[in-house]
Amino acid sequence: LVDGLINDCGARVRAGVEAHGWFDLSTLKEPYRVEGKKTMGYEIAEQFGTQFVLPNGAMDRARMREHVFSTPSAKQKLEGIIHPVVQQEVRRLAQAAAVPCLVFDIPLLVESAHWKHQLDRVLVIDCSVDTQIERVMLRNGWPRGQIEAIVRHQSTRANRLAAADWVLCNEGIDMATLQAMVQRLARQMGL
């Protein structure tokens with residue numbers, strides 16, 4: 001679980017995953033989007049309207065984000081479309097992986113109760129909410145208010161930390177330090 005929106009620190013940690021032969025099973029990667037794009041596109045168009053689907057069949061994420069955060073019932077409806085497809089693809093990839101450690105990159109792990117029971121351990125890479133917001137502003141160019149609205153709809157930092165078996169602090173450190181922390185943890189895990 002990465003404390004920063006979507007790909008923030010997770011992208012950095014995944015780079016270290018490759019160096020150690022682990023298998024990164026991200027719920028945000030293309031396989032489920034490619035596999036489920038048409039099905040999800042049809043379902044999204046049916047449930048939300050064609051204005052929420054791009055010409056290539058993918059969801060218009062910007063439009064949907066705005067809609068979900070302004071219409072509370074829309075989030076649950078959207079999750080009912082996307083989550084089953086993601087879960088099916090993740091299960092398929094996990095069963096096919098022949099590695100000692102699977103790394104699941106699940107941005108909304110705490111909010112999605114169905115994931116926790118499928119995991120042996122949870123690692124939270126933590127930073128302050130202010131740092132989280134600053135990183136997203138830098139990465140995405142979004143205004144602070146938009147990011148704050150998203151953060152308000154997510155689980156609290158305290159809840160994410162409570163779900164963790166391990167916590168690595170990604171505040172005020174460089175990439176090399178974070179990678180060293182991940183490597184130490186991997187050794188502690190026997191990997």
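Biologist: Happy to look at this one with you! Is Cys101 buried or exposed, and what is its relative accessible area?

Modeller: Keep in mind that this is a predicted model. A residue counts as buried when its relative accessible area is under 20%. Cys101 meets that cut-off, so it is buried, with a relative accessible area of 11%.

Biologist: Thanks! And what is the relative accessibility of Cys127?

Modeller: The cut-off for buried is again under 20%. Cys127 counts as buried, and its relative accessibility is 0%.

Biologist: With cysteines in mind, how many disulfides does a search of the whole structure find?

Modeller: A disulfide needs a pair of cysteine sulfur atoms within 2.5 Å. For the whole structure, the search gives a count of zero.

Biologist: Let's step back to the fold. In what pattern do the helices and strands follow one another along the sequence?

Modeller: The protein chain has nine helices and four strands. Read along the sequence, they give the pattern α-β-α-α-α-β-α-β-α-α-α-β-α.

Biologist: Lovely. Which element gives the largest share of the largest nonpolar core?

Modeller: This core has 21 residues, and those touching the most other members are Ile44, Phe48, Met64 and Leu78. Two or more residues come from each of helix H2 (30–48), helix H3 (61–70) and helix H4 (72–96). The largest share, seven residues, is given by H4.

Biologist: Staying with Leu78, which residues is it in contact with, leaving aside neighbours within four places in sequence?

Modeller: Contact here means heavy atoms within 4.5 Å. With those sequence neighbours left aside, the partners of Leu78 are Ile44, Phe48, Met59, Met64 and Val68.

Biologist: Now to helix H6. Which helices do its buried residues pack against?

Modeller: H6 covers residues 129–140 and reaches 16 Å from its first C-alpha to its last, close to the 16 Å expected. Its buried residues are Thr131, Gln132, Ile133, Arg135 and Val136. Residues three or four places apart in an α-helix point the same way, because there are 3.6 residues a turn. The buried residues of H6 pack against helix H7 (144–152) and helix H8 (157–162).

Biologist: Which residue follows H6, and what is its phi?

Modeller: The helix itself has twelve residues. Right after H6 comes Gly141, and its phi is positive, near 75 degrees.

Biologist: One last thing: what percentage of the residues of the protein chain count as buried?

Modeller: The chain exposes about 10700 Å², with carbon and sulfur atoms supplying 52% of that area. Of its 191 residues, the buried share is 41%.

Methods
Residues numbered from 1 in each chain as written. Predicted model: local features only at pLDDT ≥ 70, side-chain atom pairs only at ≥ 80, totals over all residues. Heavy atoms only, no water. Buried < 20%, exposed > 50% of the residue type's maximum accessible area, 1.4 Å probe, protein only. Areas by Shrake-Rupley, 256 points an atom, 1.4 Å probe, with all protein chains shown as cover. Core = buried A, V, L, I, M, F, W, Y, C linked by side-chain atoms within 4.5 Å. Expected span 1.5 Å × (residues − 1).
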